[in-house]
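Me: I have a structure open and would like to go through it piece by piece. Can we start with the sheet?

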Amino acid sequence: MPSHIHSVTKVHRIACIPGDGIGVDITEAAIRVLSTLSNTLSGFEFDFTTFDWSSKHYLERGWYMPPDGLEQLKKFDAIYFGAVGWPNVPDHISLWGLILPIRKSLNQYVNVRPTRVLQGTTSPLSSCATNPTDLDWMIIRENSEGEYSGQGGTSHEDSPNAIATEVSIFTRVGIERIMRFAFETARSRPRKKLTMVTKSNAQRHGMVLWDKVFYEVAKEYEDVETDKMLVDAMTVRMVLQPKSLDTIVATNLHADILSDLAAALSGSIGIAPSSNLDPTRKNPSMFEPIHGSAPDIAGEGIANPVGAFWSAAEMVRWVGEQKAADGLMKAVENVTARGVKTKDLGGNEDTKGVTNAVCAEIETLF
Ligand code: NAI
Ligand code: MG
């Protein structure tokens with residue numbers, strides 16, 4: 001190599017929060033696969049820092065994140081998250097103690113949830129048995145407001161007159177930025193098609209503004225084909241006409257539910273990834289599989305790590321390592337194509353078996 005050319009190794013600093021249950025197993029698996037990737041390919045490295053923020057420690061210490069937790073996270077290039085929640089802590093305490101403040105405070109207002117049928121796996125939809133590519137969706141979830149705004153309150157809590165409100169917030173700024181992101185996403189995909197999910201027939205204020213802003217933004221994207229679905233009818237269309245959908249934009253609650261359905265329709269909730277993005281890049285973005293801590297299988301070593309690997313690939317892409325991201329996904333699909341799968345996908349491997357196979361595949365590919 002000529003002396004004036006220096007090979008520069010870029011270091012990506014990653015904060016890891018394994019959390020609870022299978023979040024711990026799949027984060028460990030993701031770190032192993034990412035380390036194999038950076039050892040096999042040159043030019044970049046990952047510097048992992050693990051935070052022990054979990055329900056177990058919450059019960060001992062009384063907090064999920066220390067007071068300067070968000071400030072600590074801001075120093076990283078990206079955050080890798082496992083799952084939070086355990087049966088001995090109410091779920092609203094764990095979610096509002098950890099994952100929701102991160103998403104909100106770090107301006108991660110977009111949640112991207114791709115779904116497709118991976119090679120060697122099967123969809124429960126009969127139409128996809130012959131044409132697995134019929135299901136290839138990109139769900140864009142509003143991640144900062146809507147039904148999960150956190151506004152509301154409870155009065156007379158322990159009395160028969162108990163009253164509670166849960167206020168949905170829809171702002172023009174919040175709607176406009178998610179719609180713009182969804183249109184850009186739709187435009188970047190071959191079909192250039194965006195379906196907007198709503199419930200503006202029954203919810204006549206917030207959802208009506210949601211629809212209105214969608215049609216306003218649509219005028220800037222005349223090359224993108226659009227349509228509108230009420231959320232209840234959307235579940236039917238996802239099952240009966242998967243091919244008719246491509247990019248989908250929905251509110252925080254609607255997309256939360258629809259993306260679990262999407263994951264199940266593509267084979268298992270264990271394969272589905274998500275990216276919590278701050279598109280301004282002023283804060284680190286966060287990557288996590290969509291599943292939870294799965295207390296029913298935690299500690300058994302049988303969690304499907306594919307959703308964790310796919311999330312890791314999206315993180316690698318976000319920090320700028322396109323080739324490594326594509327390679328990781330190729331490795332994952334070569335492994336599923338060979339039938340190396342966990343039980344939820346009809347296979348008989350465990351977490352470690354699939355992880356080993358993906359690591360070996362990365363070494364073979366590069
Ligand atoms: P879950 O996603 O943890 O589990 C639902 C079902 O899918 C279970 O039967 C589980 O065994 C199975 N499953 C999930 N991931 C799997 C994987 N990788 N491989 C194989 N099978 C898998 O949802 P659930 O049971 O409703 O919630 C459990 C806890 O997780 C709760 O405390 C909940 O609040 C929390 N949670 C946290 C999330 C997060 O941290 N972002 C997201 C969803 C739930
Ligand atoms: Mg969910």
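Me: What is the strand order in the open sheet?
Reply: The order is 2-1-3-12-11-4-5-10-8-9, with ten strands and mixed pairing. Strands are DSSP runs of E with at least two residues, helices are runs of H or I with at least four, and both are numbered from the N terminus. Two strands pair if DSSP finds at least two bridges between them.

Me: Which strands stand at the edges?
Reply: Strand 2 (44–50) and strand 9 (225–230) do; each has a single partner strand, so one side of each has no neighbour in the sheet.

Me: Is this model predicted or not, and how is the numbering done?
Reply: It is a predicted model, where local features need pLDDT of at least 70, side-chain atom pairs count only at pLDDT 80 or more, and totals for chains, interfaces and linings use all residues. Residues are numbered from 1 along each chain as its sequence is written, while chains are lettered from A and ligands numbered from 1 in the order in which they are written.

Me: Back to the strands. In which sense do strand 3 and strand 12 pair?
Reply: Strand 3 (residues 78–83) pairs with strand 12 (residues 285–289) in the parallel sense, over three bridges. Tyr80 stands opposite Phe287 of strand 12.

Me: New topic. How many residues surround ligand 1?
Reply: There are 21, and the closest are Gly85, Gly270, His291, Gly292 and Asn304. A residue counts if its C-beta atom, placed from the backbone, lies within 6 Å of the ligand.

Me: Which helix gives the most to that shell?
Reply: Helix 4 (residues 91–105), with three residues.

Me: And how do the shell residues divide?
Reply: Ten are nonpolar, seven polar and four charged. Here Ala, Val, Leu, Ile, Met, Phe, Trp, Tyr, Cys and Pro are nonpolar, Asp, Glu, Lys and Arg are charged, and the others, Gly among them, are polar.

Me: What domains does the assignment give?
Reply: Domain 1 (8–109 + 270–366) and domain 2 (123–150 + 168–266); the bounds come from an automatic or database domain assignment. Their centres, taken over C-alpha atoms, are 25 Å apart.

Me: Which helix gives the largest share of the side of domain 1 that touches domain 2?
Reply: Helix 4, with three residues.
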